[in-house]
Amino acid sequence: MSQDCLLLNGNGRPLSYLPLSVITWKTAIKLSIIRSVIVIKEHKDWVVRSPSIEMKVPSILMLQSYHPFHSYVKFSRSNVFLRDLYTCQYCFDVFEKKDLTLDHVVPKCKKGGTTWNNVVTACKTCNIQKGDRDIRPKVEPIKPSLSRLIQGHQISKINFPDREWDKYIFQS
Ligand SMILES: [Zn+2]
């Protein structure tokens, strides 16, 4: 996905972290034209021209007001992998995404939920060995904190088109 512009909530923090709230340059231009956002920063050498307008592509936009959300962290397969940093929570080895699976600590057949507190990253071998047995992961699973997410995000930091983004994403 093209990540041209970082979209901030009215409080100056990203609208969401996982996935990171990034939008394409076209959406960024549209939003600034209808003035529903505040332009924090523009890309230095990136100008778009049409017969009627010429403008710099925004690099960072902020919503005019704060929109509260219940959670910045969406429960999903890839976010669980990210929380556990691609480490099997039973043998503690690191694996590629394709060799990992999600494991219900309390099995579904025993009414274990599909939640942050009951789902962990497991390699396929451990997942099969565990089956429906009562084995606990090495680390108790919890909903990831913001700092944990930020740690996860540093992995893909190199993809940011603008160094200035760091300041908004990694603020404490
Ligand atoms: Zn394992």
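This is a short chat about a predicted model of a protein with a zinc ion.

Q: How many helices and strands are in the protein?
A: The predicted model has 5 helices and 6 strands.

Q: In what order do the elements run from the N terminus?
A: They run β-β-α-β-β-α-β-β-α-α-α.

Q: What coordinates the zinc ion?
A: Four cysteine sulfurs do: the SG atoms of C88, C91, C123 and C126, at 2.3 Å.

Q: How are those donor residues spaced in sequence?
A: The spacing is C-x2-C-x31-C-x2-C.

Q: And why is the site called tetrahedral?
A: Because the angles among the 4 donor atoms are 100 to 118°, and four donors count as tetrahedral if all angles lie between 85 and 135 degrees.

Q: What is the ideal angle for four tetrahedral donors?
A: The ideal is 109.5 degrees.

Q: Is C88 buried or exposed?
A: C88 is buried, at a relative accessible area of 0%. C91 is partly exposed, at 31%.

Q: Moving on to T87, where does that residue lie?
A: T87 sits in the loop between α2 (77–83) and β5 (100–104).

Q: Buried or exposed?
A: T87 counts as buried because its relative accessibility is 11%, and buried means under 20%.

Q: Which residues is T87 in contact with, leaving aside neighbours within four places in sequence?
A: T87 is in contact with F92, D93, V94 and T121.

Q: What about the whole protein, how much of it is buried?
A: Of its 172 residues, 41% are buried.

Q: What area does the protein expose?
A: About 10200 Å², with carbon and sulfur atoms supplying 55% of it.

Note on methods: Residues are numbered from 1 along each chain as its sequence is written. This is a predicted model: local features need pLDDT of at least 70, side-chain atom pairs count only at pLDDT 80 or more; totals for chains, interfaces and linings use all residues. Side-chain values use heavy atoms; hydrogens and water are left out. Donors are N, O and S atoms within 2.8 Å of the metal (3.2 Å for Na, K and Ca); water is not among the atoms, so sites may look incomplete. Four donors count as tetrahedral if all angles lie between 85 and 135 degrees; four count as square planar and six as octahedral if opposite donors are over 155 degrees apart and all others between 65 and 115; anything else is irregular. Buried means under 20% relative accessible area, exposed over 50%, partly exposed in between (1.4 Å probe, protein chains only). Helices (H or I, at least four residues) and strands (E, at least two) are DSSP runs, numbered from the N terminus. Contact means heavy atoms within 4.5 Å. Accessible areas come from the Shrake-Rupley method with a 1.4 Å probe; for residues, only the protein chains shown count as cover.
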